[in-house]
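Hi,

Here is the model I promised to pass on. Have a look at it first, and then read my notes below.

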Amino acid sequence: PPSGLFISEILIFRSLVSDGRWFVLISAIVLLCFIVYAMSTRIMHILYSAPRGSEITQEPSFVNPVETVTQFIFLGLVAASCFYQPDFIVRLIDHSIAMLP
């Protein structure tokens with residue numbers, strides 16, 4: 001819900017209600033439910049089904065430390081951005097907050 005797409009959908013639905021376009025509102029909500037259902041079933045299938053063509057899956061016994069370096073670099077960047085924010089990002093956030101109704 002905190003994403004920008006959710007807020008735009010709420011604003012579109014609010015304007016449809018205020019204009020009295022009930023058919024468009026109901027059809028948009030039904031189609032949106034179909035989309036969410038189709039995406040969630042595919043994602044659940046990808047996450048929880050066995051891989052194709054492999055009956056026996058092997059557990060990884062060793063993780064190479066070089067493979068995890070990028071994860072720690074991104075974690076460090078996120079932690080650093082919590083304490084230091086460049087001026088252009090602060091101005092961008094302030095400008096976007098000023099545009100809210």
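One bit of vocabulary before the rest: a helix here is a DSSP run of H or I with at least four residues, and helices are numbered from the N terminus. By that rule Phe 34 sits in helix 2. Please keep in mind that this is a predicted model.

Overall fold

By the same rule, the protein has four helices and zero strands, so to speak an α-α-α-α pattern when you read along the sequence. The radius of gyration is 22 Å, while the globule rule gives 13 Å for 101 residues, so the protein is more spread out than a compact globule. Along the principal axes, the C-alpha atoms fill a box of roughly 60 × 45 × 15 Å. Just 3% of the 101 residues count as buried. The exposed area comes to about 9700 Å², with 72% of it supplied by carbon and sulfur atoms.

The nonpolar patch

Back to Phe 34, which counts as exposed because its relative accessibility is 54% and the cut-off for exposed is over 50%. Which residues join Phe 34 in a nonpolar patch on the surface? They are Val 17, Trp 22, Ile 26, Val 30 and Leu 31, and together with Phe 34 they have about 600 Å² of accessible area. Helix 2 (residues 22-48) gives the largest share of this patch, five residues. As a reminder, an α-helix has 3.6 residues a turn, so residues three or four places apart point the same way.

Helices 1 and 4

Helix 1 covers residues 4-19, which makes 16 residues, and at 1.5 Å a residue it should span 22 Å; the end C-alpha atoms are 23 Å apart, which agrees. Just after helix 1 comes Gly 20, with a positive phi of about 80°.

Helix 4 (residues 87-98) passes the same kind of check: its twelve residues should span 16 Å, and its end C-alpha atoms are 16 Å apart. How many of the twelve residues of helix 4 are buried? The count is zero, and helix 4 is hardly covered.

Cysteines

There are zero disulfides in the structure. Cys 33 is partly exposed, at a relative accessible area of 48%. Cys 82, at 57% relative accessibility, counts as exposed, because the cut-off is over 50%.

That's the lot from my side.

Cheers

Note on methods: Residues are numbered from 1 along each chain as its sequence is written. This is a predicted model: local features need pLDDT of at least 70, side-chain atom pairs count only at pLDDT 80 or more; totals for chains, interfaces and linings use all residues. Side-chain values use heavy atoms; hydrogens and water are left out. Patches are made of residues with over 30% relative accessible area and no salt bridge: like charges are joined within 9 Å, nonpolar side chains (Val, Leu, Ile, Met, Phe, Trp, Tyr) within 5 Å. Accessible areas come from the Shrake-Rupley method with a 1.4 Å probe; for residues, only the protein chains shown count as cover. A salt bridge is a side-chain nitrogen of Lys or Arg within 4 Å of a carboxyl oxygen of Asp or Glu. Helices (H or I, at least four residues) and strands (E, at least two) are DSSP runs, numbered from the N terminus. Buried means under 20% relative accessible area, exposed over 50%, partly exposed in between (1.4 Å probe, protein chains only). The expected span of a helix is 1.5 Å times one less than its number of residues. A disulfide is a pair of cysteine sulfur atoms within 2.5 Å. The radius of gyration is taken over C-alpha atoms; the globule rule is 2.2 Å times the number of residues to the power 0.38.
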